[in-house]
Amino acid sequence: SLFPVAGWLGAMVSGAFSGQLLPCLGGLIATGVFIAALVILLLKSRADYYEDVLQATEVSFSAITAQKEGKMAEAMPRNIKVGKTGLKRGRGPSAFYYKHLLENRRSRVFLFDMTSLIFLTISVVFGFFLREEGLLPILIFSAYMQFFSTVTGRWARELSLPFVYLAPGSPFRKLVMICGETMLKTAAQGVLLFAIIGVIQQAAVWDIAACMIAYFTFGLLFIAGNFLVERLCGTLVNKVVVITLYFLVIIVLCLPGILLGVFAAMLLPAPVMLMTGVLLSAGWNLGVSALIAYLCRNILTYAELNNK
């Protein structure tokens, strides 16, 4: 009933049907205040209708053009504050890593960008409402949310540009460096998320640490799965086929590790059941990710490799 909007409406309807006045009035007042706040916000924002129409047309045209060319469109910020410019560090493949860090600094709020903050907030809210169920549902839900943030990371956009193929250096090192920022962000998200959830649930320290490690390895597996699909499909324009294949590949790669963790946890006592099962699944993710990265190590040797 405390969940914003949906919970308020549910409390209002259920209170009306069951004859309970307090939940009905509470949901009605909360929803009314929310609607009034939205109306006031719209009135105070002083939106320029014609400017918004032009901006929406430009964004729509860019998205349609990118889709026709088989590229990934990136939303650009409207208000840009210029601070430090230029890359102060990085040479060869490592320049991509520091380039992504610089781009993150320009678009982030505190430590994370807006997309990461939204995913973290949703996961924390989900963990709060399921605080009696333990850490495992939160790990599953956050890994599912992480799938969408990882697949749209800066490293994925880098593969569609020619610079990563032209830059000097080892193809494998370039592959690692373009994923460095995403791996760093994934590790930071896992530590922050499960530190908060662990405090809320008052979970054991070793279980919290195991979930942090597993969250990070799922991010690595999602990246490795994208490498594999990129190698198999190349620059296939039909994105529906690519995304469907990517889902199937991720399921096939994750399933053995999940089953291994479940079977091992069933044979162990309760205090170490979660930690052991999660760590076994994380070990599988790490091994498969390393194997795929090794097999696809030459994917950046020639741009033509991705066209086959």
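Trainee: Where do I start? How much accessible surface does the protein chain have, and what share of it belongs to carbon and sulfur atoms?

Mentor: The accessible surface adds up to about 18,900 Å², and carbon and sulfur atoms hold 72% of that. Keep in mind that you're looking at a predicted model.

Trainee: Then how confident is the prediction? What is the average pLDDT of the protein chain?

Mentor: General idea before the case: where pLDDT is low, the predicted coordinates should not be read in detail. Here the chain averages 78, and 81% of the residues score at least 70.

Trainee: Which elements have the lowest and the highest mean pLDDT?

Mentor: Strand E1, residues 108-109, sits at the bottom with a mean of 60. At the top is helix H2, residues 21-44, with 87.

Trainee: You mention strands and helices. How many of each does the protein chain have?

Mentor: You'll find 12 helices and two strands. Walk along the sequence and the pattern reads α-α-α-α-β-β-α-α-α-α-α-α-α-α.

Trainee: What percentage of the residues are buried?

Mentor: Of the 308 residues in the chain, 34% are buried. As for contacts with a separation of 6 or more, 70% of them join residues 24 or more positions apart.

Trainee: Can we try that on single residues? Is Ser1 buried or exposed?

Mentor: Ser1 counts as exposed because its relative accessibility is 66%, and the cut-off for exposed is over 50%. Ser1 belongs to the segment before helix H1 (6-18). Leaving out residues up to four places away in sequence, Ser1 touches Gly7, Trp8 and Ala11. Ser1 also shows how sequence and space can be read side by side: Gly26 is 25 residues away in sequence and 9.3 Å away in space, C-alpha to C-alpha.

Trainee: And Ser289? Is that one buried or exposed?

Mentor: Ser289 has a relative accessibility of 7%, so it counts as buried. Its home is helix H12 (residues 270-295). Setting aside neighbours within four places in sequence, Ser289 is in contact with Thr217, Leu220, Leu221 and Ala224.

Trainee: What about a pair that is fairly far along the chain? How many residues separate Ala265 and Gly277 in sequence?

Mentor: They are 12 residues apart in sequence, and their C-alpha atoms are 5.0 Å apart in space. Ala265 lies in helix H11 and counts as buried because its relative accessibility is 12%. Beyond the residues up to four places away, Ala265 touches Met273 and Gly277.

Trainee: Now the surface. Which residues form the nonpolar patch?

Mentor: The patch brings together Leu255, Ile258, Leu259, Val262, Phe263, Met266, Leu267, Leu268 and Met273, with about 870 Å² of accessible area together. Helix H11 (residues 239-266) gives the most to the patch, namely six residues. Leu255 is in H11, and with a relative accessible area of 43% it is partly exposed.

Trainee: How many salt bridges are there?

Mentor: The general idea is that side chains of opposite charge can pair when their charged atoms come close. In this model the count is one. Glu181 and Lys185 are the partners, at 3.9 Å from N to O. Those two residues are four apart in helix H9, so about one helical turn separates them. Both Glu181 and Lys185 are buried.

Trainee: And how many disulfides turn up in the whole structure?

Mentor: A disulfide is a covalent bond between the sulfur atoms of two cysteines. Searching the whole structure gives zero. You can still look at cysteines here: Cys211 is buried, with a relative accessible area of 1%, and Cys296 counts as buried at 5%.

Trainee: Last topic, backbone angles. What is the phi of Val5?

Mentor: Val5 has a positive phi, about 65°, although it is not a glycine. Val5 sits in the segment before H1, and it counts as partly exposed because its relative accessibility is 29%.

Trainee: Where is Gln202 placed?

Mentor: Gln202 is in the loop between helix H9 (171-201) and helix H10 (205-233). Its phi is also positive, near 55°, in a residue other than glycine. With 72% relative accessibility, Gln202 counts as exposed.

Note on methods
Residues are numbered from 1 along each chain as its sequence is written. This is a predicted model: local features need pLDDT of at least 70, side-chain atom pairs count only at pLDDT 80 or more; totals for chains, interfaces and linings use all residues. Side-chain values use heavy atoms; hydrogens and water are left out. Buried means under 20% relative accessible area, exposed over 50%, partly exposed in between (1.4 Å probe, protein chains only). Contact means heavy atoms within 4.5 Å. Patches are made of residues with over 30% relative accessible area and no salt bridge: like charges are joined within 9 Å, nonpolar side chains (Val, Leu, Ile, Met, Phe, Trp, Tyr) within 5 Å. Accessible areas come from the Shrake-Rupley method with a 1.4 Å probe; for residues, only the protein chains shown count as cover. A salt bridge is a side-chain nitrogen of Lys or Arg within 4 Å of a carboxyl oxygen of Asp or Glu. A disulfide is a pair of cysteine sulfur atoms within 2.5 Å. pLDDT is the predictor's confidence in each residue, from 0 to 100.
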